[in-house]
Amino acid sequence: MNTPTGSHRLAAVIVLAAGEGTRMKSSTPKVLHRIGGRTLVGHAIAAARAVGPEHLAVVVRHERDLVAAHVAEVDPEAVIADQDEVKGTGRATECALDALPGDLTGTVLVTYGDVPLLSGETLQSLVEEHVATQSAVTVITAHLDDPTGYGRILRGADDGVEGIVEQKDATDEQRAITEINSGIYAFDAAVLVDALGQVGTDNAQGEKYLTDVLAIARRAGGRVSAHLIDDLWQTEGVNDRVQLARLGKELNRRTTERWMREGVTIVDPDTTWIDSDVTIGRDCVIFPGTQLLGATTIGERASIGPDTTLTDTEVGERAEVKRTEALLAVIGADATVGPFSYLRPGTELGAKGKIGGFVETKNAKIGEGAKVPHLTYAGDATIGEGANIGAGTIFANYDGVAKHHTTVGRHSFVGSDSVLIAPVDIADGAYVGAGSALTGDVDPGQIAVARGRQRNIDGWVARARAGTKTAEAAAAARSAGAVTGEDAATTRHTEDSTEGQAQA
């Protein structure tokens, strides 16, 4: 048996992620289920990278291609190791070592892909204790009131770890032990390689247990230590949907608490969900019913919510966003959004701009100080600085075959209830009359009016609605002085119309 070197070199972290997870009852591999915006194995990889290993290996088997593809996306430098037909954590670790350089020296950590609350800080503490005590093996342990299902820590006369016995192999006396094995270890690399060569499959499950390495190392004179932690959540794995939700809620509690301690006001943490990769500036206020997801970033002193979901969205300083859903959008400093707004991918709202109530935007660049106040759809649009889009305006960007772009120039004004039928270019300082259906460009300083001239037809109600359920309208019209008799069929245009013309 090789003796531990005591080297502080962290040679590798091995993440075991080969299990099927049948209790999840899912077509999705267990380690690809998500909490806090990351997959379970994504959390494991983040914790592993936090301690700066020279190598990182992830062991896969069940739905191998799906898991391997995801690992490559999350961490392209990670080594994928395939577990073979031999079952057990010991064999999985051997497969990882086979995929890594054969001359590893120093410390090797082994963790699991389904323990999402394990932190990089805890792994760092494990490594430091392992090196300081010059141990052959160090295992993270914890005391549980109900240790059912976990391997039990067997202490020796010197209070060191003599071995670990799995639940199914334990005696009644051993099952009464409350100190459990987390499955997270620090090994001297040479000790690990040598001991795994001696581990067999003579147990109730016919598996090659990694836990057997501890007893082998101890018999060879190596020191086996326990790194006891109080934070039991960091040892808890996910086996079913109930545990997934439980750990997800605890992770969110920790995330919201961390941001509050960083200077963010969260009015109701119980109804606020914040993903692990979100960043929030100081003095922000997050109101109830808010979800900040993906890689969303919030600038200082911004106000978000209530009832708002932002995914991969950038919000500038002092912006206000309420009752809004946004995806892959940018909201500038001092801008306001909502209520009941929907910002789809490609939306960019400039500083001091406004997207108001019941507005939907998509692939729309809205300039500084520009306003889209209410009841509007703006898709495939560029809206210049200081422009104002009236209520009920539709940017008709789709002709049934292709999408087309509309440009509204700086400080231009589009009247309410207009339809801009793309492609249209409204120049700087131009106006569009309310109710227009615009199909052509508008030059600087022009007003465009594209609507039919108003016609008032005398006597229409008396003729068209006589004898119907709405005949009361005719009676009301007569009492109000409606034209009757021979003149009743007269069509009158609005008198002296100057529609679309400048005042004299």
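Helices H6 and H7 sit roughly perpendicular to each other in this predicted model, because their packing angle of about 105° falls in the 65 to 115 degree range that counts as such. Beyond that helix pair, there's a chain divided into domain 1 (10–235) and domain 2 (245–448), plus a few backbone spots worth a look, such as the cis bond from Gly-305 to Pro-306.

**The H6–H7 pair**

- Two packed helices are described by the angle between their axes and by how far apart those axes are.
- Here, H6 covers residues 189–196 and H7 covers residues 212–219, and their axes are 9 Å apart.
- On the H6 side, the residues making the contact are Val-191, Leu-192, Ala-195 and Leu-196.
- H7 answers with Val-213, Ile-216 and Ala-217.
- Sorted by class, that contact comes out as seven nonpolar residues, with no polar and no charged ones.

**Where the two domains meet**

- Measure from C-alpha centre to C-alpha centre and domain 1 and domain 2 are 46 Å apart.
- Their contact draws on 10 residues from domain 1 and nine residues from domain 2.
- An interface's size is often given as the accessible area lost when the parts come together.
- For this pair of domains, about 920 Å² is buried between them, and 62% of that is on carbon and sulfur atoms.
- Looking at domain 1, the residues that lose the most area to domain 2 are Gly-36, Leu-117 and Trp-233, which together make up 55% of what that side buries.
- Two salt bridges are counted between domain 1 and domain 2.

**A salt bridge to look up**

- Asp-277 and Arg-38 join their side chains in a salt bridge, at 2.7 Å from N to O.

**Backbone spots to check out**

- As background, most peptide bonds are trans, and most residues other than glycine have a negative phi.
- The bond from Gly-305 to Pro-306 is cis, with omega near 5°.
- You'll find Pro-306 in the loop between strand S18 (303–304) and strand S19 (309–311).
- Going from Gly-338 to Pro-339, the peptide bond is also cis, and its omega is near 5°.
- Pro-339 belongs to the loop between strand S24 (336–337) and strand S25 (341–343).
- Arg-323 isn't a glycine, yet its phi is positive, near 40°.
- Look for Arg-323 in the loop that runs between strand S21 (320–321) and strand S22 (324–327).

Technical notes:
Residues numbered from 1 in each chain as written. Predicted model: local features only at pLDDT ≥ 70, side-chain atom pairs only at ≥ 80, totals over all residues. Heavy atoms only, no water. Axes fitted to C-alpha atoms, helices over the stretch in contact; angles between N-to-C directions. Helix = DSSP H or I, 4+ residues; strand = E, 2+ residues; numbered from the N terminus. Parallel < 35°, antiparallel > 145°, perpendicular 65-115°, else oblique. Contact = heavy atoms within 4.5 Å. Nonpolar A, V, L, I, M, F, W, Y, C, P; charged D, E, K, R; others polar. Domains from an automatic or database assignment. Buried area = accessible area lost by both parts, 1.4 Å probe. Salt bridge = Lys/Arg side-chain N within 4 Å of Asp/Glu carboxyl O.
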